[in-house]
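This report describes the pockets, the sheets and one selected residue of the structure shown below.

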Amino acid sequence: MTPKKLYTSLFVCTIGSIGFIVLLFAFTNKGPQRDTSFKRGFLYDAPKKTHQLDLEYNGYDIAGVDREQIYLSNFQSPLFLTVVDSALQSKEVVHIAIDQDSLPLRSPQLRVIPPYFFLTDGTIPYILRGRTEDWKAYSLLNDPLYFTNAQPMDSVTLAIRAISNKTKEFALGTIHLADSASITLSHKLLQKQVDGIFDVDGTLQYNQQRQELVYTYRYRNQYIVANDSLQLQRLGKTIDTISQAQIQVGTIASKNQQKLA
């Protein structure tokens, strides 16, 4: 075979192979396609800042809101509350009076659900409640009830996270203040992966409009939604991809303490 005929044969075979692949691709039923990639897009109409107010200091936390006002607490001054109007045009600092001469402020939490407000610290522990009309708080605990986080659900009920005496692990629950304060814990909501303490760490919130308790895990891509009776409503996932808490826990034998390693 001459070189000319060889090149011609190779050219014809190449063109034929390409044509055959194109025909196969054209007549193959590809079915519905799904884009499973993770994409972040920019809004065409970006949000615009309409109001702004300089708070002058750092460390503020939103303690509560209503239609007309925003309540800001500051961990450095827990007995002072900054009240800002919803248009961010004015602010007022109010002092919270308590019914005790002195009160340890180790890890206080201030929450406002008008017309009530709560000052709590589950490590001391104490729960104080007052009305926003005079900002005077009164103690509600006769017996110690320990917890690590609290969110008011109504005027007499708080959602809490506490260490269970039964399992020695974190559990979600409620404190009822109607007559004598009582605590109820659910051992089914928080799901242990490592130790039941650090691996289930997260943020506790309460949605008053929907009457739902929402707990978002810190070290995994999951959140819990429960009703007022501590019954699971649904489990959701965030955009994070970590489903198993990637932490290691160490023990200090001399102090009988566990720490994140």
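## Largest pocket

In this predicted model, the largest pocket holds about 420 Å³ of space. Its lining is made up of 16 residues, and those closest to the centre of the pocket are A63, G64, V65, V112 and Y206. Two or more lining residues come from each of the elements β1, β6 (109-113), β10 (149-152) and β14 (202-207).

Strand β1 gives the largest share of this lining, with five residues. Sorted by class, the lining of the largest pocket comprises eight nonpolar, six polar and two charged residues.

## Second largest pocket

For the second largest pocket the volume is about 250 Å³. This pocket is lined by 13 residues, of which Y146, F147, A162, I163 and N165 are the closest to its centre. At least two residues of the lining are supplied by β11 (157-163), and at least two by β13 (182-186). The lining of the second largest pocket has eight nonpolar and five polar residues, and no charged ones.

## Sheet β1-β2-β3-β4

An open sheet is formed by four strands in the order β1-β2-β3-β4, with antiparallel pairing. The edges are occupied by β1 (60-65) and β4 (91-95); each has a single partner strand, so one side of each is left without a neighbour in the sheet. On average, neighbouring strands of this sheet are turned by 30° against each other, direction ignored.

Within the sheet, five bridges connect β3 (residues 80-85) with β4 in the antiparallel sense. At the level of single residues, T82 has V93 in β4 as its bridge partner. The edge strand β1 is also the element that contributes five residues to the lining of the largest pocket.

## Sheet β14-β15-β16-β17

Another open sheet of four strands follows the order β14-β15-β16-β17, and its pairing is antiparallel. Strands β14 and β17 (232-237) are the edge strands, each pairing on one side only. The average turn between neighbouring strands of this sheet is 20°, direction ignored.

Strand β16 (residues 222-226) runs antiparallel to β17 and is joined to it by five bridges. Here, Y223 stands opposite G236 of β17. The edge strand β14 also gives two or more residues to the lining of the largest pocket.

## Pairing around β9

Strand β9 (residues 136-139) pairs in the parallel sense with β5 (residues 97-98) over two bridges. In this pairing, K136 of β9 is the bridge partner of A97.

Strand β9 also runs antiparallel to β8 (residues 126-131), to which four bridges join it. R129 stands opposite Y138 in β9. The hairpin of β8 and β9 has four residues between the strands, and W135 in this hairpin takes a positive phi near 55°.

## Environment of A171

A171 lies in strand β12 (residues 170-176). Is this residue buried or exposed? A171 counts as buried because its relative accessibility is 1%, and the cut-off for buried is under 20%.

Leaving aside residues up to four places away in sequence, A171 touches I160, R161, A162, S164, L185, S186, H187 and L190. One of these contacts, A162, is among the residues closest to the centre of the second largest pocket. By contrast, D101 is 70 residues from A171 in sequence, and the C-alpha atoms of the two are 33 Å apart in space.

Conventions:
Residues numbered from 1 in each chain as written. Predicted model: local features only at pLDDT ≥ 70, side-chain atom pairs only at ≥ 80, totals over all residues. Heavy atoms only, no water. Pairing = 2+ DSSP bridges. Axes fitted to C-alpha atoms, helices over the stretch in contact; angles between N-to-C directions. 1 Å grid on protein atoms, 1.4 Å probe; cavity = no way out; pocket = protein on both sides within 12 Å on 5 of 7 lines; lining within 4 Å. Points joined across faces, edges and corners; volume = space filled by probe spheres on them. Nonpolar A, V, L, I, M, F, W, Y, C, P; charged D, E, K, R; others polar. Buried < 20%, exposed > 50% of the residue type's maximum accessible area, 1.4 Å probe, protein only. Contact = heavy atoms within 4.5 Å.
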